[in-house]
Structure formats: C-alpha cells, structure tokens
Amino acid sequence: MGLEKLTSEAIELLKTLIETQSFSSEEDKTASHIEDWFKSNTIAFKRTKNNVWAVNKYFDESKPTLLLNSHHDTVKPNSAYTRNPLKPAVEDGKLYGLGSNDAGGCLVSLIATFTHYYNHESLKYNLVLVASAEEESSGPNGLNSMLPIIPKIDVAIVGEPTLMNLAVAEKGLVVFDAVVEGTPSHAAHPNDNNSIYNTIKALQWFKDLTFDKSSEALGDVKLTVTQINAGKQHNVVPAHVDLVIDVRVNDAYSNAEIAEILQKGAPVTSITPRSLRLNSSSIPTDHDLVKAGVSMGRTTYGSPTLSDQAVLSCPSLKLGPGDSTRSHSADEFIYINEIEEGIKIYVELLRRVIT
C-alpha cells in the first residue's frame, strides 16, 4: 500500500477511535478496531487484555528490537467541552475529538509506519508495535504488563504529541502521602501541639527545598504540595493533617533517592511514596535515532510530562504529531497535516536507522 493511501486510512482509523469511548480500563472496543486494522492489512497480531501488539513479518531474534508504542485510552472529557467529545469532526484542517491529540494521532501514525515496514526483509532492527491501554491512569494492565510478554526491547519510540520534535528525556514522578500529627482537643481549650499549626513548618520546608543536582535536558527536580486535608468539625482540633506531594524527578536522581531525601529531612510524622516505578527516562543524544532526527531538522528537548516511557528500562525517545499543550483540554484537536507530516517523518526516521 502506498504511503498516501496508508495515511488516509490511518486518519479514518483515528476517526473511528474518537467515536468509540475508551476511558482508561474501558478500551475493549477501541482494541477491537485496532485488531480490524491488522486483519485488513494481513498482519499477524496478538491481543493481551486491551493491549494489541504485533512484530514485523521477518522478526529475527539475533537482531536488536525497536518498540513502537502509543496508547488508545483517554481521560474523561472535562466540563468545558462545547462539542460532542466522541464525535469526530474536521473543520479548517483540524480533526476534533477526545483523544485526537493525546494520543490518537501518534498511535495511528505509528500503526501506519509499522504497517509500511511490516513486510520488509533484512531490516537492521526488529519492530514491535504495542497499542497499549491504561496509560492515562498508569494502570496495571497497560504497557508495563506487556513487557514480560513481548520480545525483549532494546530501544523504544513512544508516541506522544511533541510537534514531531525529539523528547530525549522525560521527568519521572513520585507522589508522596505525608502526615503531620498533633494533639486532638476541643477548640475552646489551649493546645500547644495543634496539628494544623504544625503543618506550617512542614509546608515551609517543602516550599524551600531545593535539590542539588540539575539536568541539562530536564532542569531541576520540581516538588509541589498539591493537596491538604484535615478536620471534620469546627470545634475540634484534628489529630493529624494529610498532605499530598507531587515530585517530578529529573534524570540526575532515581525515585528511590528522592524518597530517601524526603524521608530523612521532611518535618512530618510520616511520608510514604505511593510508587517508585515511574522513573525518569532518556536516550543518549548520540543514539542513531536521535542523530537521524537531528539530521532531519528536528530539535531535541526534555519533557516535563509523564508517559509510558516511565515503565521502560531501555533507552527511549518520545516523538509524535500534535501539541502536548492541547492534551486534556476542552475541544481537543489535532491538525490533519500534523498526522500526514508525522507519518512521513516516522517513516523517514526509521528508513535512516533500520534499513
């Protein structure tokens, strides 16, 4: 199939995905539409829960393997939508609809690229495509669950909207639950150990905290207190205050190191990470994929947003059509020409590296 026809069919697939509800952990119907693509293109595939995956026809275990991955789940639409989020519509070159930009455009572009190379012999890399579930919720049945099932991956391209520039690094994430304790009492009586007042010191500590090691690609670690909760009655001093702390981790630290710093220093009763598995990720700037992209005029940068890169232990590059600032926004859209350009760039990038 020619690239022009492949692109046209990829855009039609995206329209079908948009009109099919696929909130995280509810992607069974979009998974079926992706299966239909593989069937119609005579591509052998497998489905594991709501993850659909395939390898190139001439897969050779002696060669390194390149993963092409993006997700087909979406967040729920926000209340500011003025359009039907599940109704794809093309106006002024924009394809509107929930998941169009994040990350449907990337997904169908990678599917088209994989299809283009599926029957090629003598590739330098094997290709594995995974259309994954539960990315938006970091759920247990997403890409992370596929890593023991698919062939061992040596390098990955993760499709997320980057304006087809090269995100050569991505910040990790650790969410902490902290508790500040005090002495519960009636509000009318003296209390020198008020848990809410005790929280002032903790909040100031978190606000002032800096991390020594910065990153050329990702800058500084970013810590933000995002939630605070305490008390149920106006006349009762609560026994404790609950805090939630969001930490975006650069590639100079592991998540475990960040946890150790906070647990040793924070003036709180306890602080516990919810998970340490969403680490920062990167790819060497001298990797063939990066060098090929730069030679094509693409720029490199470090991404502050989280993706399925976080569950990969191999070098990985985030790259895709669309603009990250449109993700999770009302009346989400992607430009048709962004998809057209995205497929051309993906295909040319791989031609320079795997053929």
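**Strand pairing and the setting of Thr7**

Strand β2, spanning residues 51–55, is mostly covered, with four of its five residues counted as buried. The model in which this strand is described is a predicted one, and the values reported here are computed from it. On one hand, β2 is joined to strand β1 (residues 46–48) by three bridges, the two strands running antiparallel. Within this pairing, Lys46 has Trp53 of β2 as its bridge partner. The two strands form a hairpin in which two residues lie between β1 and β2, and Lys49, located in the turn, adopts a positive phi of about 55°. On the other hand, β2 is also joined to strand β6 (residues 126–132), again in an antiparallel arrangement, through four bridges. In that pairing, Val52 stands opposite Ala131 of β6.

A further set of strands is arranged as an open sheet of four, in the order β11-β13-β9-β14, with antiparallel pairing. Strands β11 (222–229) and β14 (270–273) stand at the edges of this sheet, and because each has a single partner strand, one side of each is left without a neighbour in the sheet. From one strand to the next, the twist averages 20°. The pairing of the edge strand β14 can be described in further detail: strand β9, which comprises residues 172–181, pairs with β14 in the antiparallel sense over four bridges, and Val179 stands opposite Ser270 in β14. Helix α5, formed by residues 195–208, lies across β9, β11, β13 (240–249) and β14, and runs at about 10° to β13.

Turning to the N-terminal part of the chain, Thr7 is placed in helix α1, which covers residues 3–18. The relative accessibility of Thr7 is 10%, and this residue therefore counts as buried, the cut-off for that class being under 20%. When residues up to four places away in sequence are not counted, Thr7 touches Glu340 and Ile343. By contrast with these contacts, a separation of 48 Å is found between the C-alpha atoms of Thr7 and Glu260, two residues that are 253 residues apart along the chain.

Key: Residues numbered from 1 in each chain as written. Predicted model: local features only at pLDDT ≥ 70, side-chain atom pairs only at ≥ 80, totals over all residues. Heavy atoms only, no water. Buried < 20%, exposed > 50% of the residue type's maximum accessible area, 1.4 Å probe, protein only. Contact = heavy atoms within 4.5 Å. Pairing = 2+ DSSP bridges. Axes fitted to C-alpha atoms, helices over the stretch in contact; angles between N-to-C directions.
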